[in-house]
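Subject: Structure handover

Hello,

Here is the structure I said I would pass on. Please open it alongside this email.

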Amino acid sequence: MSMPNTAALTPSERAAGGKRERARVPRSSHGPFEPPPDRPDPLGILEGQSAERVPELVPIRYGRMMESPFRFYRGAAAIMASDLGTLPHTGLTAQLCGDAHMLNFRLLASPERHLMFDINDFDETLPGPWEWDVKRLATSLVIAARANTFPRRERRAIVLGCARGYRERMAELASMNTLDVWYAQDDADRLSALQSDRAFRRRAAEATARARTRTGVQAFAKLTEISDGVRRITPDPPLITPLRDLLPEQQEAELAEALRELVSGYAETLSSERRRLLRRYRVVDMARKVVGVGSVGTRCWIILMLGRDDGDPLLLQAKEAGESVLAPFLESSEYKQHGQRVVAGQRLMQAASDIFLGWRTVTGIDGRARDFYVRQLRDWKGIAQPERMSPALMDAFGRLCGASLARAHARSGDPIAIAAYLGGGDAFDLALTEFAETYADQNERDHRALVDAVESGRFTAG
C-alpha cells in the first residue's frame, strides 16, 4: 500500500475521502472476527519462522510462548498478521509498527536526553492500514486484563479508553499544521499532567525515575566483568554467550571479523557527525544474546565498545532483520535491505530516534548474507508491568498508548482522512471492544494448541 500524498488536496477533500471509506468499510465492521475454514495452521506459521532461526534457540522461544496467553501473543505477530490480512480494511495507509502490543510502548531517551513515551519495536514495520496496529494494541490490553482477572466490563472500559485516546489524538493532530504534527511528542515529564488519577501519577513518576537509571552504563555494569585483567561480556548461556564460548577458535575469529566489519560498515548509514562519534570507540568483545519472545532465535549480537578508558562504554545491539510478517498481505517494501526497512520505519514513526540507529548486510561464516540493524542497548528504557496494574492504571496506560500510536501514524498517514473516518462518535471504539475480546479468545485457543504440541512431542520447548 502506497503512502498518501496529500499535498495537492485541500483539507476538505482529504476529510471527504476519509468519510467515503465509511460507506465501503463501515466502522461497525471492525468488530466481528470469525476465523475462516481455511485459516492457516498457527503452529505451521511458527514452524515456518523457526526454519530460518538458530536451531538451538528455537525451543527457548516456544518455552517462553507457552508460559501464558500474553507471552504467546507477544510471539504471535505473524499469526495475527495472517488473520488481519483476511479482513476488510479502510485503505487509509500509515507506517505501521506491525507489532503494536502494549509492551512495545515504553519510556525512551531522545538524543537531547529527554525521556519520551513512544513505540519501541519496529521489526515488522511496513506501510499498511492504520487500524491493524490499533487492533493489535487493543487485543493486547484485553489479554493482559484477563491475566489480571479483570471482569469483562473493566476490559471493555480499557479498550474504549484506548480507542478514544487514539481517536481524540488523531482529531487533534488533524487540526494542526504539518510541521506541528511532525514535531509532536509525548514528553515523559508531561505524562502525569495528562491524567487525573493520583495512583497513575505516582506510578508514572516511579517509572520515569527507574528509566533514567537504565542507561548503557548500568547495562555495562550488569553485563560485563573483568576477566584476566580485561573487560569482557559476562557469560549467561544460553541467553548471553560470548563468541569465545560459542564457536571453535577458527570460526570465532571469522565471525568476530564479520562483526567488526558490521560495525565499521554500518557507520556509513549514520550522519557524518555520528559516524565520527562512533569512531571514538573501539570494539573489545562480542556475544550472542537472546532477546524478547517473538525475536528469540533470530541472530542478535551485543558488541562491547570502549572509548576513553574502561569506564567509558558503548553497548550496541546488532539484530537480524528479516521480512516483515505483514509483507505477504501488503505491497513490497521500498527497501530491499530489511535492516534499512526497520530503521526507516522507526525514524518515520518515532518522535526522536537513537543516534546510533543504522543498518548493514553481513555475510556469516555459513556464507549467507543477512540483514541487520544496529542500535544502542538499553538507553533510558522503561517498560510497563501489566501484572502490577489495577484496572484504573491499565485504562490510563491504554489511553496513553492509543494517543501515542495516533501521533506515530499521523507522521506518515493522513490524520485528516483518518480522523474523518473515525468521526466524533464511538462507533469504531465499540467495534474495537468486540474485536479485541473475540481475538483474545482466538489467541487463547492458539496458545492451547502450542501447549498441546509440546506435550505431544511435535514441538520441543526449553
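Below are my notes, from salt bridges through strands to one helix.

Please keep in mind that this is a predicted model.

Salt bridges

The structure holds 31 salt bridges. Three pairs and one network are worth a look.

Start with R407 and D118. Their side chains form a salt bridge, at 3.0 Å from N to O. R407 belongs to helix 16 (residues 391–410), while D118 sits in strand 3 (residues 115–119). The two are 289 residues apart, and the pair links distant parts of the chain. How accessible is R407? Its relative accessible area is 0%, so R407 is buried. D118 has a relative accessibility of 2%; because the cut-off for buried is under 20%, D118 counts as buried too.

Next, R370 and E320. This salt bridge spans 3.7 Å, N to O. R370 is in strand 12 (residues 369–376) and E320 is in strand 10 (residues 313–320). The partners are 50 residues apart in sequence, so the bridge ties those parts together. Are R370 and E320 buried or exposed? Both are buried.

There is also a network. Salt bridges with shared partners connect R146, R155, E437, D441 and E444.

The third pair is D309 with R308. Here the side chains meet in a salt bridge at 3.4 Å, again N to O. D309 has a relative accessible area of 33%, which makes it partly exposed. R308 reaches 72% relative accessibility and counts as exposed. The cut-off for exposed is over 50%, so R308 passes it and D309 does not.

Strand 8 and its partners

Strand 8 covers residues 282–289. Why call it largely enclosed by the rest of the structure? Because seven of its eight residues are buried.

Strand 8 pairs with strand 7 (residues 240–242). The two run antiparallel and are joined by three bridges. I240 has K289 of strand 8 as its bridge partner.

Strand 8 also pairs with strand 9 (residues 300–306). That pairing is antiparallel as well, over six bridges. To find the register, look at D285: it stands opposite L304 in strand 9.

Around V374

V374 is found in strand 12, the strand that also holds R370. V374 has a relative accessible area of 1%, so it is buried. Which residues does V374 contact, leaving aside neighbours within four places in sequence? They are L262, Y266, L316, Q317, A318, F356, L357 and G358. Take A318 from that list. V374 and A318 are 56 residues apart in sequence, yet their C-alpha atoms are 4.4 Å apart in space.

Helix 6

Helix 6 runs over residues 130–147, 18 residues in total. From first C-alpha to last it reaches 27 Å. The expected span, at 1.5 Å a residue, is 26 Å, so the two values are close. Helix 6 is mostly covered, with 17 of its 18 residues buried. T149 follows helix 6 and has a positive phi, near 60°.

Where to look

For a quick tour, start at the buried R407 and its salt bridge to D118. Move on to strand 8, between its bridges to strand 7 and its bridges to strand 9. Then go to V374 in strand 12. End at helix 6 and T149 after it.

Best wishes

Note on methods: Residues numbered from 1 in each chain as written. Predicted model: local features only at pLDDT ≥ 70, side-chain atom pairs only at ≥ 80, totals over all residues. Heavy atoms only, no water. Salt bridge = Lys/Arg side-chain N within 4 Å of Asp/Glu carboxyl O. Helix = DSSP H or I, 4+ residues; strand = E, 2+ residues; numbered from the N terminus. Buried < 20%, exposed > 50% of the residue type's maximum accessible area, 1.4 Å probe, protein only. Pairing = 2+ DSSP bridges. Contact = heavy atoms within 4.5 Å.
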